Amino acid sequence: MKAAESIDQFYLLKQLPKATALLCKEGRLLDASCSWLELFNLPPQNGDLKTKVYNLFPENSELNKKLKENKPFTIQHKRAAANGTRYLKSYFSPWFDKEENVVGTIVQTDDITMEVEKDKKIKWLENVLETKVEVSKTGWWEFDVETETLTWCNETKRIHQVPENYTPTTSEAINFYKTGYSQNKVGMLFHRVKENQESYDTKLMLVTFQGQERWVHVTGKPIVKNGKVTKVFGTIKDIHEQEMAETRVKEHQQLLSTLIDSLPLNVYVKDLESRKMLVNKGECNYFGKTVGELIGKNDFDLYDEEIAKVSRQEDIEVMKHLTPIIGKETTSTLNGKTTYFLTSKIPHFDLEGKVCGLIGMSLDITSMKKKEEELHNLIDITSMQNQKLVSFAHIVSHNLRSHSANFSMLLGFLNSENDPKERQRIIDMLSQASDNLLETLGNLNQVVDINSNTSATKKKLNLKKNIVKVLQNFSAVLEKNDSKIINNVSEDIVVSCVPAYLDSIILNLVSNAVKYKSKNRSPLIIIDAIKSSEGILLSISDNGMGIDLNKYGDKIFGMYKTFHNRKDAKGFGLYLVRNQIEAMGGSITVQSEVDKGTTFNVYFNEDS
Amino acid sequence: MKTVSCIFIVDDDPITVFGIKKMLKSVANCDDIQIFQNGQEAYEAVKLRHEQGRPIPEVIFLDINMPIMDGWDFLEEIIALDINEHIVINMITSSIDPLDYEKWNGFKDRCPYTLNFKNKPIFKIDSADLGCINVAS
């Protein structure tokens, strides 16, 4: 009966869905459910009580003692199995008979491997999160819509510089943002994320618990359940240092670009292929193009090939030999306009110290060049005038001296002369010398007038009319000498000239032609005028005796130089003409052949 | 009083010519004083005398600034004539242009004749101007 009962009992045990075992008081396994045996990898029991339960829990050395206490307890333990380590949890409770006597222990064991592994994973995830927060300095916060509670993580608290036990409310959190833009914005964004489920991601200024103003990057995201926002989750990151650094970089860039743009220089940066990578305003203005139109272009796109070749060669030299060009004078022709530059080209290095192109700077010195040229012209004019002045001074001293010497000599004679007849002769000569001196002074005065009065008013004069007028006044002499004049000057030629000078020039040249006529021919005078881009050329040709220019060439326009044996030749007319012409910025040349004739060419300067 | 066979005065200024003639009266005894208004005329006369074997002027008073042929050109031509007789040439000028003085210095070195440089005004003709010292040697 007892046996039958017990068999029934154990048969029932075998079938229990939860892994269960029965232990006798000595801690040996009486029997167990199949599932329990499987957990511990045991064969079916035959009631020989050979399986000691202590061996099944090797980590729990105190199990024996605990069993004897006859109180329920729980232990967690592990078992190595074919499919890896299994985590188990066993519940021990005393086994009573009907008389409430302890007859053994009931053991129930759960396989808790799944829960343990989940726990482990959660711990790992928490760890990862914590590390992430630490490394990225990004804090998080969470708002529960229902309870209206706001939770900050430790990093978030650190960013706000509040103690770790601080618990914020929503309005406190919003008040941490700087009054004005930041506070208004965060309030609006927080409202929208709750009401409209709009996420946000922005930069705002925070005022920390300790009163420091710091830039933060905040985000917010709704967590929606059944179409309703239940929570808002967000992050906050202190980006003050980056923001300030960025601001400084921006300020530097701003400064640099303002500087480069405002420099009175054409500045450009070229890459290794001489393509423009950066241009300033000056460079854009020079080309009359926008920045976009210039970037990426090389000199061949912008200049004629010849100029581009020279420039590219310079670039290569600078980038290859790393020798900068400093302040080199260059010329560039763009759209037919030549500009003079003072050009510098400096190799451009990248952060690794490798050449990546060049920086060019060009200073437009065209106006300076023009001034320099003007200065040179001025120096030329000045030295020419100076030379003229010196030679004039010599002429003056010579001419005046010759008269005064005559006076001295004659007066010396007069002193020692007693013969009244001879005295009278000397006195006649003295008065002659005096007349000569007066005439010389008159001549010199005329020359000084011309040269000191260079601004004598020029007028637009009709050349032909003036020639006709002079010829009329001179007609008596012309007729007497049986002269023929061919005036080819066209009606419309106008010269800019001092009227008195023009008359003097025409009169002197025409009267010279008559004065030095050939003994064998009646004078024939041909007057021509040609208008060209350089001005107006008046030429007066005759068929007179001519002059040997190889012999006298440079002297013909000299003062008191005469070359023919004529009593009325004073050597002053041509000197005067040349002075008058030159004073007006023109010039005069002569061509002549002995016994053929002479041609004087007068060039009028129309500019000044 | 020195006796000179022939004297040329080459100057286009009648007053200077008058003065020289007047001053010569008291220092030289000469029956053949010729006046020329420019270098060309004087040169042609010297050349003619040279060709005809007639006496060459012993003394020449030579102005620098003259029409047609000036004093310098006259000197060039005279040197080119290669005359063996000695001539005393007195250059007379009112010029104080240092260039003229330098030019004279240049000529003096290559001129086979005695070449004097006299600035106007002249008050007196020295015996040296008539070649007295040189003639003595």
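How many residues of chain A are in contact with chain B, and how many of chain B with chain A? This is a predicted model, and in it 28 residues of chain A touch 28 residues of chain B.

**The interface**

The size of an interface is often given as the accessible area lost when the parts come together. Here, chain A and chain B bury about 2400 Å² between them, and carbon and sulfur atoms give 56% of that area. The rule also finds two salt bridges across the interface of the two chains. A:Glu422 and B:Lys22 meet through their side chains in a salt bridge, at 3.1 Å from N to O. On top of that, six residue pairs are in polar contact across the interface, both partners at pLDDT 80 or more.

So what does chain A bring to its side that touches chain B? Helix 13 (366-416), helix 14 (420-452) and helix 18 (549-552) of chain A each give two or more residues. Helix 13 of chain A has the largest share, with 11 residues. Sorted by class, the side of chain A that touches chain B looks like this:

| Class | Residues on the chain A side |
|---|---|
| Nonpolar | nine residues |
| Polar | 11 residues |
| Charged | eight residues |

**A lysine in helix 15**

Now for a single residue: A:Lys464 sits in helix 15 (residues 463-473) of chain A. A:Lys464 is buried, yet has no salt bridge. Which side chain of opposite charge is nearest to A:Lys464? That is A:Glu491, 4.1 Å away. The cut-off for a salt bridge is 4 Å, so this pair does not count as one. Leaving out residues up to four places away in sequence, A:Lys464 touches A:Asn487, A:Val489, A:Ser490 and A:Glu491.

Conventions
Residues are numbered from 1 along each chain as its sequence is written. Chains are lettered from A and ligands numbered from 1 in the order in which they are written. This is a predicted model: local features need pLDDT of at least 70, side-chain atom pairs count only at pLDDT 80 or more; totals for chains, interfaces and linings use all residues. Side-chain values use heavy atoms; hydrogens and water are left out. Contact means heavy atoms within 4.5 Å. Buried area is the accessible area (1.4 Å probe) that two parts lose on being put together, summed over both. A polar contact is a pair of N or O atoms within 3.5 Å; within protein, one must be able to donate a hydrogen and the other to accept it, and residues adjacent in sequence count only if both atoms are side-chain atoms. Helices (H or I, at least four residues) and strands (E, at least two) are DSSP runs, numbered from the N terminus. Ala, Val, Leu, Ile, Met, Phe, Trp, Tyr, Cys and Pro count as nonpolar, Asp, Glu, Lys and Arg as charged, and the others, Gly among them, as polar. Buried means under 20% relative accessible area, exposed over 50%, partly exposed in between (1.4 Å probe, protein chains only). Lys and Arg count as positive and Asp and Glu as negative; His and the chain ends are not counted.
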